[in-house]
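Q: I am new to this structure and would like to learn how to read its features one at a time. Could you guide me through it?

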Amino acid sequence: MQADRQRNILLIDYYGSLLTHHQNEILDEYYNNDLSMNEIADNLGISKSAVQDLIKRSLVQLNDYEKKLKLIETDEKLDKILEQMRSENNDLLNKYVKKIEKLK
């Protein structure tokens with residue numbers, strides 16, 4: 001559950017600017033401000049089911065962006081390569097730098 005929440009926050013960080021202001025507002029309240037769906041609904045004067053539906057649809061959209069653009073996946077690959085670079089001797093450094101350049 002916590003891993004899903006962290007993944008959703010990451011998706012919002014990477015792709016949130018592609019959503020509408022309303023979607024961003026609700027996702028921000030839910031994930032960053034830890035408001036319940038009932039609290040969000042009360043604050044915005046909409047139903048809890050509307051909040052729940054918007055969150056679900058927004059997350060589907062964000063996951064779709066990641067499937068197509070793979071920004072998070074690429075960033076994770078880069079992190080692994082950088083970690084390898086940090087742990088290897090300098091002779092191998094150029095090899096890993098080339099791997100990073102290919103991913104960019």
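Q: Is Arg-57 buried, partly exposed or exposed?
A: A word of care comes before the answer: this is a predicted model, and what follows should be read in that light. The general idea is to look at the relative accessible area of a residue, where a value under 20% is called buried and a value over 50% is called exposed. Arg-57 has a relative accessible area of 47%, so the residue is partly exposed.

Q: Which residue forms a salt bridge with Arg-57, and how far apart are the closest N and O atoms?
A: To recognise a salt bridge, one looks for a side-chain nitrogen of Lys or Arg within 4 Å of a carboxyl oxygen of Asp or Glu. Here the partner of Arg-57 is Asp-53, and the closest N and O atoms of the two are 2.8 Å apart. Both residues belong to helix H4, and because they are 4 residues apart, about one helical turn separates them. Asp-53, with a relative accessible area of 37%, is partly exposed.

Q: How many salt bridges does the structure hold, and which residue pairs with Asp-64?
A: There are 5 salt bridges in the structure. Asp-64 is paired with Lys-68, and their closest N and O atoms lie 3.2 Å apart. This pair also sits in helix H4, where a spacing of 4 residues places the two about one helical turn from each other. Their accessibility is worth reading separately: Asp-64 is partly exposed at 33%, while Lys-68, at 61% relative accessibility, counts as exposed.

Q: Which parts of the chain does the salt bridge between Glu-76 and Arg-7 tie together?
A: When reading a salt bridge, it helps to ask where each partner lies in the chain. Glu-76 and Arg-7 have their closest N and O atoms 3.9 Å apart. Glu-76 lies in helix H5 and Arg-7 in helix H1, so this salt bridge links parts of the chain that are 69 residues apart in sequence. Glu-76 is partly exposed, with a relative accessible area of 39%, and Arg-7 is also partly exposed, at 31%.

Q: Which residues of the largest nonpolar core touch the most other members?
A: In soluble globular proteins, nonpolar side chains tend to be buried together. In this structure the largest nonpolar core has 17 residues, and those that touch the most other members are Ile-26, Leu-27, Tyr-31, Val-51, Ile-55 and Leu-62. Two or more residues of this core come from each of helix H1 (2–15), helix H2 (21–32), helix H3 (37–44) and helix H4 (48–69). H4 gives the largest share, with 5 residues.

Q: Which residues make the nonpolar surface patch, and which form the positive one?
A: A surface patch is read by asking which accessible residues of a like kind are grouped together. Leu-18, Leu-69 and Leu-71 make a nonpolar surface patch of about 260 Å². One of them, Leu-71, is found in helix H5 and is partly exposed at 39% relative accessibility. The positive surface patch is formed by Lys-95, Lys-98, Lys-99 and Lys-102. Among these, Lys-95 is located in helix H6, which spans residues 93–103, and with 46% relative accessibility Lys-95 counts as partly exposed.

Q: What is the phi of Asp-34, and where does Asp-34 lie?
A: Phi is a backbone angle, and its sign can be looked up residue by residue. Asp-34 has a positive phi, near 55°, and is a residue other than glycine. Asp-34 lies in the loop between H2 and H3, and its relative accessible area of 55% makes it exposed. Lys-70, which is not a glycine, has a positive phi of about 55°. Lys-70 is found in the loop between H4 and H5 and is partly exposed at 37%.

Q: How far apart are the C-alpha atoms of Thr-20 and Ser-58, and how far apart are those of Leu-92 and Asp-53?
A: Separation along the chain and separation in space are best read side by side. Thr-20 and Ser-58 are 38 residues apart along the chain, and their C-alpha atoms are separated by 9.4 Å. Leu-92 and Asp-53 are 39 residues apart in sequence, with 50 Å between their C-alpha atoms. Thr-20 lies in the loop between H1 and H2, whereas Leu-92 lies in the loop between helix H5 (71–87) and H6.

Methods: Residues numbered from 1 in each chain as written. Predicted model: local features only at pLDDT ≥ 70, side-chain atom pairs only at ≥ 80, totals over all residues. Heavy atoms only, no water. Patch = residues over 30% accessible without salt bridge, like charges linked within 9 Å, V, L, I, M, F, W, Y side chains within 5 Å. Areas by Shrake-Rupley, 256 points an atom, 1.4 Å probe, with all protein chains shown as cover. Lys, Arg positive; Asp, Glu negative; His and termini not counted. Charge placed at Lys NZ, Arg CZ, Asp CG, Glu CD. Buried < 20%, exposed > 50% of the residue type's maximum accessible area, 1.4 Å probe, protein only. Core = buried A, V, L, I, M, F, W, Y, C linked by side-chain atoms within 4.5 Å.
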